[in-house]
Amino acid sequence: MLENIEEVLEAIWIAKESGSSTIEDIMEKCSYKLQPETLDEMIEDTLIVKHGDNYDFTHRGKNMAEIIIRRHRLTDVLLQLVLGMTDSGKREAVACEAEHILPHEMVDSICTLLGHPLYTGDSLPIPRGRCCIANRTEASQVIVSLGELCEGDEAKIVYIKPKNHSVLKKLFSFGLIPGIKIRVIQKSPAVTIQFDKTELALDEQMVENIHVSRVVNQENIENIKRKKENQKGKGLFGAWRRRRHKGYD
Amino acid sequence: MSYNILIAGTSGTGKTELFRLLTGKKPDEEQLSGAVHDGGHATLLNEFNPVENLIEIIDTPGVNSLLDENPDGYKLRDILLNTDVSHIIVMADGRYFRRTLALLIQFLILQKPVSLVFNEYGNGDDFTEIENGCLEGGIPYQKFPEIDSVKTFINNIIGSDNHAISDIIFENNKEIGWIHEFSPENECRTLFCITDLLPPEKCSVIPSEYAELRTKIEDSGYFQRADLNIVDHSFTCSDTLRKTDKDETIVPDVSKLGLWLQRPLTGIPVAIGIFFLMYLFVGHFGAGIVVDFIDKKVFSAYLIPFFNSIVSYIPWNIVQRLLMDPDFGLVPTGIFLAVGIVMPVLFLFYLFIGFLEESGYFPRLSVLFDRLMRPIGLNGKGIFPIIMGFSCITMALATTRMLESKKERIIASFLLMLAIPCAPLMGAMFLILGNLHFTAFIFVISVIFLQMTFAGYIANKVIKGKLPEFIIELRPLKLPGFMLLLKRTTLRTWYFMKEALPVFIIASAVLFLLAEIGVLLWLQNASQGVVTDFWGLPPETVQVLLKTIIRRENGIAELARIKQLFTPVQLITTVLIMSFLVPCVNSIIMLIKERGIKTSMIIITVVLTYSTLLGGILNWFFRLVPLYR
């Protein structure tokens, strides 16, 4: 259902770009057979409003649409420029999938990686994201080892490098399987993490072998900002700490 | 044909409590200490049995997963392979439901009839998750029974649907179902064989078919390993059944106190504080005030005169002396020492250690000590046997099994045999050093730790091998229930006394006989070179040391009795030699059982040489440095 709404929002965005967003235009741009009731439901949900024959976004609807279009078009650029995929049909197919699933922090990383492009290869405008406005130059690494996280950070286990099989199994039997979300609660003397209702302490070698993707949410960012401010003006030690915490804006 | 009910689950969920309720049997010493135990095995009490058949209850060691590669895991699999299991109860509490459910799913993969029992008195307090999860999976579940509802409880178990298989398990991963199809009724063996948990000779089925099945299971998930795929699958199913969103934010319910305890800056002062508290509680209060009271007000005032008057009716002088001789008599040195001096101190010590154990402090301590332990070839987990050693070396040697590498086990065993003073020894040590200046205590403790570090460092260099990774679970800190703690402490002290009292009596008798036929005197003369010249101690030390080897605490209690003959310096030296000497006969037997005869002999030889040399060094040290004169 959510995917359908996202498709409709996308169709309205494209229709508006071409100048006219009547129900016929929208139906033409939409990738599946649009029922007029869906539009009515979306009006009820305050995603769109109707002005005469034309449909327009509400503030909320526009934000949602912007995110989807951004994901779609950035994926398109990535596939074309970086991976050299020339067939626009194939690109379209991948981008259509990706627009629903790409996590937010990955989109920003792709955008930064591509140098905050303004247009796609087909000259379609790409909505700008927070990373473009901040004109970030460094893409934060998406996948890092657990050891690079700071206290209070949340992340998802992506993979565990199986240095030796029994260690992997031990972690597994605690339920630390790829895909699960963890939180770092202490870094020293041993890295202590929490997931579900379990707390584990791991030594430094183990930690280097566990690879995670950062979960960036508002709370996390504020947490990091606060920490950085606290460290300001703490001389050598502060500088050393700051170096360890870099990787965030 | 009896009906066998197995109780399985994660440790600390209350399996043993249920076992105790159902069978009325007291848990044994190993079950109490959390060491690997053989799994209690007893018959259900008749009053609870609703059917004609005999119902057997089997307690199993706590595991996280059926495929755990630790002694507990091997034990559980052994029980599964060798018992005709009629039903498996999986114990759950509010906290570790995720992995409990995964474990239950692993039993379901093996087509075992299971049901879930949740313990409301255990950790955590949210049980809606458990109920929903069980309803979703069609798993029979019930609460931990009250004493008057046990019969219904058992009835429910016997009457429960024998194959509560949830479709979810096999729907997403059909390959897992092949384990059952491959050889029905033999799923355990099949699974343990394809996961390499059984030696190949025990997997006596055509190898090519196994290989085929193994490949299928290996390809059924992401990990190219049968065991990883199965564990991963069971957790995924667990998450599906619990309907948890993986993106859910983690509620940080970590107590700040727990974190402080493992930070060096705050943790080390706390650890020192706790040891000092232990000194005050066990050493000052227990070995000082309580023992003094028992000795002066009870034994010397009433019991000894009372026994003397009874014994005086016995016509033979030698029997009189065997019983009441103040030096070697069975009653004063055997029974009174054990009951009057060792028991109260031990009780207080077990109470203190039990409190720390229950509160969840030890894992924090092991995190704190992890890096400090590295130079002596152990990681944070090595602190467990060491701490256990402060209670009883023999028990501690059994817990070295939880260390992963052979190297760690040898080092831990060596340090236990060499340096660690056990509870009775410590108690009596407090008793002896309590009368000296309090720095004597600090001196003795520092020498022990210094030597432990030194010996461990050398052992680490000499013994080859690599240190395994350090992973430890931190259970939430809690205040232990006082009544339960008291019960466990009493039980532990009881087990100890039951075992130790006969040895005390026999040791006294043997020494008495040796003294009668003159062997003791001969030994004293023979070892004079070492004892009086090299160590600078009075000749009576020989009888103390002899008793020490039979039972450590027996020896030091002997020392307490004849301490007027010793100068303070001699007392300190003797206490240290005793602490470094081979602990006791029991520990030697346990060492041979755990490490094998060859390694044990090497360890014992090294320990004997080390302690002899140390005694000499101490003697020279005290001659040069004017301390405790």
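Chain A and chain B bury about 4100 Å² between them, and 51% of that area lies on carbon and sulfur atoms. Keep in mind as you look around that this is a predicted model. The contact draws 41 residues from chain A and 49 residues from chain B. On the chain A side, Lys169(A), Lys197(A) and Glu199(A) supply 17% of the area that chain A buries against chain B, more than any other three residues.

Polar groups have their part in this contact too. Between chain A and chain B the count is six salt bridges. If you would like one to display, take Arg263(B) and Glu151(A), whose closest N and O atoms are 3.4 Å apart. Across the interface of chain A and chain B, 14 residue pairs are in polar contact, with both residues at pLDDT 80 or more. Which elements of chain A build the side that touches chain B? At least two residues each come from strand E4 (154–160), helix H8 (165–173), strand E5 (181–186), strand E6 (191–195), strand E7 (198–202) and helix H9 (204–209) of chain A. H8(A) gives the largest share of that side, with nine residues.

Now let us turn to the rings. A search of the whole structure gives eight aromatic pairs over all chains. One of them joins Phe281(B) and Phe352(B), a tilted pair at 6.0 Å centre to centre with 35° between the planes. This pair links distant parts of the chain, since Phe281(B) belongs to helix H13 (residues 264–311) of chain B and Phe352(B) to helix H15 (residues 330–359) of chain B, 71 residues apart. Are the two rings' residues buried or exposed? Phe281(B) counts as partly exposed because its relative accessibility is 27%, whereas Phe352(B) counts as buried because its value is 12%.

A second tilted pair is formed by Phe443(B) and Phe622(B), at 5.5 Å centre to centre and with 50° between the planes. Here too distant parts of the chain are linked: Phe443(B) sits in helix H21 (residues 438–462) of chain B and Phe622(B) in helix H29 (residues 597–624) of chain B, 179 residues apart. Phe443(B) has a relative accessible area of 15% and is therefore buried. Phe622(B) is buried as well, with a relative accessible area of 3%.

Back at the earlier pair, ring pairs link Phe281(B), Phe285(B) and Phe352(B) into a cluster. Rings in chain B also meet charged side chains. The charged end of Arg77(B) sits over the ring of Tyr74(B), 4.5 Å from its centre. Likewise, Arg492(B) lies over the face of Tyr350(B), at 5.4 Å from the ring centre.

Two further spots in chain B are worth a visit. The first is Ser238(B), which lies in helix H11 (residues 226–242) of chain B. Ser238(B) is buried, because its relative accessible area is 0%. Leaving aside residues up to four places away in sequence, Ser238(B) touches Arg98(B), Leu101(B), Ala102(B) and Ile105(B).

The other spot is helix H1 (residues 15–23) of chain B, where Lys15(B), Leu18(B), Phe19(B), Leu21(B), Leu22(B) and Thr23(B) are buried. Just after H1(B) comes Gly24(B), which takes a positive phi of about 70°.

Methods: Residues are numbered from 1 along each chain as its sequence is written. Chains are lettered from A and ligands numbered from 1 in the order in which they are written. Side-chain values use heavy atoms; hydrogens and water are left out. Rings of Phe, Tyr and Trp (its six-membered ring) pair if their centres lie within 6.5 Å; planes under 30 degrees apart count as stacked, over 60 as edge-to-face and the rest as tilted. Helices (H or I, at least four residues) and strands (E, at least two) are DSSP runs, numbered from the N terminus. Buried means under 20% relative accessible area, exposed over 50%, partly exposed in between (1.4 Å probe, protein chains only). A charge sits over a ring if NZ of Lys or CZ of Arg is within 6 Å of the ring centre and within 35 degrees of the ring normal. Contact means heavy atoms within 4.5 Å. Buried area is the accessible area (1.4 Å probe) that two parts lose on being put together, summed over both. A salt bridge is a side-chain nitrogen of Lys or Arg within 4 Å of a carboxyl oxygen of Asp or Glu. A polar contact is a pair of N or O atoms within 3.5 Å; within protein, one must be able to donate a hydrogen and the other to accept it, and residues adjacent in sequence count only if both atoms are side-chain atoms.
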